[in-house]
Amino acid sequence: MNIVLLGAPGSGKGTQAQPLSVRYKTPHISTGDIFREEMDQMTPLGMKVQEYVNSGRLVPDALVLEVMTQRLNQPDCEKGFLLDGFPRTVAQAEALDDYLRSAKRPLDKVLYLSLSEKEVIRRLSSRRQCVRCGKVYNLMTQPPQIADHCDVDSAGLFQRDDDRPETIEKRLRVFNDLTEPLIAYYHGLDMLETIPADKPVSEVAQIVIKILDTFPRT
Ligand code: ADP
Ligand code: AMP
């Protein structure tokens with residue numbers, strides 16, 4: 001099953017992708033996670049993308065495509081993938097189409113998590129993450145059992161640099177300008193499924209599962 005999760009930053013793509021990846025035994029590939037990992041390890045790629053990621057700008061298409069082509073060529077993607085945060089521009093979407101067409105692995109669906117800007121800002125400002133295992137929380141909607149500590153490993157929680165108010169604003173502008181056109185793009189290809197993402201996590205998951213369960217499992 002080849003799926004793209006599309007949506008504004010904070011619309012819940014990662015939250016939904018995590019359990020879906022387990023349910024459908026399909027790798028969850030988040031370009032944001034890949035870049036943050038490279039930045040943490042201070043690799044040459046990490047150093048290159050750092051200024052873009054921390055300031056809320058998009059990493060240049062050519063670099064993103066190089067990273068994603070390599071990732072999609074890995075054997076674990078042969079039976080499918082759940083893409084989160086990629087593609088993010090029409091140029092990336094076209095390049096993905098070309099790649100998948102030549103690999104004879106077309107996309108099955110694009111799930112668009114639709115959420116108001118007000119709710120996106122609310123969710124992003126209260127997002128926190130475990131420093132050790134990366135589990136994502138929300139101080140308002142998905143709080144840890146013990147304040148500031150991860151439920152899984154008790155490590156501390158941190159706020160992403162790009163979840164600070166000025167950067168959130170910038171990322172939303174970038175989404176509106178460069179990523180939102182993908183909604184029309186995939187609608188035109190009859191691939192888009194719009195999911196109301198303003199519901200609790202489990203309700204959104206049920207809606208998504210109902211759609212994905214109609215696909216044959218590999
Ligand atoms: P994205 O991957 O799209 O950037 P996340 O999955 O990280 O978004 O979710 C953003 C924030 O909103 C996180 O703090 C997460 O815990 C919270 N969240 C995700 N889905 C929901 C939901 N359906 N209802 C309330 N809060 C949510
Ligand atoms: P995310 O975790 O998806 O919110 O992504 C965090 C940041 O990583 C973004 O604000 C961009 O700077 C960068 N990024 C992630 N995915 C892409 C992409 N497909 N194209 C360009 N930049 C990206």
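**Figure 1. Polar contact between the side chains of His28 and Gln18.** In this predicted model, the side chains of His28 and Gln18 are joined by a polar contact of 3.3 Å. His28 belongs to strand β2, which covers residues 28-30. The relative accessible area of His28 is 19%, and buried means under 20%, so His28 counts as buried.

**Figure 2. Residues surrounding ligand 2.** The view shows the shell of 17 residues around ligand 2. Thr31, Arg36, Arg57, Gly85 and Gln92 are the closest of these residues. Helix α2 makes the greatest contribution to the shell, with four residues. By class, the shell comprises seven nonpolar, four polar and six charged residues.

**Figure 3. Polar side-chain atoms close to atoms of ligand 2.** Three side chains are shown in this view: those of Arg88, Gln92 and Arg160. For Arg88, a polar side-chain atom lies 2.9 Å from an oxygen atom of ligand 2. In the case of Gln92, an N or O atom of the side chain is 2.9 Å from a nitrogen atom of the ligand. For Arg160, the distance between a polar side-chain atom and an oxygen atom of ligand 2 is 3.2 Å. Ligand 2 taken alone exposes 480 Å², of which the protein buries 96%. The elements that each supply two or more residues to the shell around the ligand are α2 and α3.

**Figure 4. The cis peptide bond between Phe86 and Pro87.** The peptide bond that joins Phe86 to Pro87 is cis, with omega at about 0 degrees. Pro87 is located in the loop that runs between strand β3 (81-84) and helix α5 (90-102). Both Phe86 and Pro87 also appear in the lining of the largest cavity, which is the subject of the next view.

**Figure 5. The largest cavity and its lining.** A probe the size of a water molecule, rolled over the atoms, shows where empty space is left. The count is one cavity of 30 Å³ or more, and the largest cavity holds about 40 Å³ of space. Its lining consists of Leu5, Leu6, Gly7, Lys13, Gly85, Phe86, Pro87, Arg88 and Thr179. Strand β1, which spans residues 2-7, gives the most to this lining, with three residues. By class, four of the lining residues are nonpolar, three are polar and two are charged. Among the lining residues is Arg88, whose side chain has a polar atom 2.9 Å from an oxygen atom of ligand 2. Gly85 is likewise part of the lining and is one of the closest residues to ligand 2.

**Figure 6. Positive phi at Met42.** Met42 has a phi near 50 degrees, a positive value in a residue other than glycine. The residue lies in the loop that connects helix α2 (31-40) and helix α3 (44-55). Is Met42 buried or exposed? Its relative accessibility is 58%, and exposed means over 50%, so Met42 counts as exposed.

**Figure 7. Positive phi at Asp190.** Asp190 is a residue other than glycine with a positive phi, near 60 degrees. This residue is found in the loop between helix α8 (181-188) and strand β8 (192-196). Asp190 counts as exposed because its relative accessibility is 68%, where the cut-off for exposed is over 50%.

Conventions. Residues numbered from 1 in each chain as written. Chains lettered and ligands numbered in written order. Predicted model: local features only at pLDDT ≥ 70, side-chain atom pairs only at ≥ 80, totals over all residues. Heavy atoms only, no water. Buried < 20%, exposed > 50% of the residue type's maximum accessible area, 1.4 Å probe, protein only. 1 Å grid on protein atoms, 1.4 Å probe; cavity = no way out; pocket = protein on both sides within 12 Å on 5 of 7 lines; lining within 4 Å. Points joined across faces, edges and corners; volume = space filled by probe spheres on them. Nonpolar A, V, L, I, M, F, W, Y, C, P; charged D, E, K, R; others polar. Near = heavy atom within 4 Å. Polar contact = N/O pair within 3.5 Å; in protein donor to acceptor, adjacent residues only side chain to side chain. Areas by Shrake-Rupley, 256 points an atom, 1.4 Å probe, with all protein chains shown as cover.
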